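I opened my notebook on this structure to look up its charged side-chain pairs, and the entries below follow the order in which I went through them.

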Amino acid sequence: MTPTRILGVDPGLRRTGWGVIEVLANRLTFVACGTVLSDDSEQLAHRLLALHKGLTEVVAGYGPDEAAVEQTFVNKDATATLKLGQARGIAMLVPAQAGLFVAEYAPNLVKKTVVGSGHADKKQIHLMIKVLLPKADPKSDDAADALAVAITHAHHRTSHNLAAILR
């Protein structure tokens with residue numbers, strides 16, 4: 001059996017976290033993680049392009065088999081929510097362009113899967129990442145969140161893949 005490589009993405013307009021893991025049966029292995037940044041002073045289109053380029057490099061460099069993206073939560077600032085949605089669109093587009101299956105997970109499901117509580121905080125996610133992936137050392141909350149998204153997909157991928165096949 002060969003492991004399945006999963007890319008997890010935590011989309012954001014300023015910082016998009018990414019994490020790559022491998023799963024073989026019930027074993028998870030850390031591969032890499034990081035953050036793609038965009039410049040706040042740039043025009044929106046150029047910021048989205050920076051995210052696209054960065055994620056394209058990650059996909060090309062690590063060759064994932066599947067991808068998972070955290071769903072956007074809606075907040076009171078409609079403009080910020082719209083911009084986050086555009087960044088999330090880039091996060092879904094890049095792996096789809098590479099021919100990957102792209103799953104989506106709600107933030108509460110990611111927290112519940114990784115920590116055991118749908119209302120866990122960033123510190124709890126970091127701690128559980130270290131337990132589940134001892135070699136991982138995410139330098140940002142965004143990278144840790146992306147690894148959590150990848151772990152969530154590793155645990156739920158069978159049901160997602162089956163649902164995609166049945167559609």
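Entry 1. In this predicted model I looked up Asp137 and found a relative accessibility of 45%, which makes this residue partly exposed. Its salt-bridge partner is Lys139, and I noted 2.6 Å between the closest N and O atoms of the two. Lys139 itself counts as exposed, because its relative accessibility of 72% is over the 50% cut-off.

Entry 2. I then looked for salt bridges that share partners, and I noted that Arg14, Asp40 and Arg47 are joined in this way into one network. For the structure as a whole I wrote down eight salt bridges.

Entry 3. Next I turned to Arg15 and Asp142, which form a salt bridge whose closest N and O atoms are 2.9 Å apart. This pair connects distant parts of the chain, since Arg15 sits in strand E2 (residues 15-24) and Asp142 in helix H5 (residues 141-166), with their positions 127 residues apart. I found Arg15 partly exposed at 40% relative accessibility, whereas Asp142 is buried at 13%.

Entry 4. I last looked up Lys122 and Asp145, whose side chains form a salt bridge with an N to O distance of 2.4 Å. Lys122 belongs to helix H4 (residues 122-132) and Asp145 to helix H5, so this salt bridge ties together parts that lie 23 residues apart in sequence. Which of these two side chains is buried, and which is partly exposed? I recorded Asp145 as buried, because its 5% relative accessibility is under 20%, and Lys122 as partly exposed, with a relative accessible area of 41%.

Methods
Residues numbered from 1 in each chain as written. Predicted model: local features only at pLDDT ≥ 70, side-chain atom pairs only at ≥ 80, totals over all residues. Heavy atoms only, no water. Salt bridge = Lys/Arg side-chain N within 4 Å of Asp/Glu carboxyl O. Helix = DSSP H or I, 4+ residues; strand = E, 2+ residues; numbered from the N terminus. Buried < 20%, exposed > 50% of the residue type's maximum accessible area, 1.4 Å probe, protein only.
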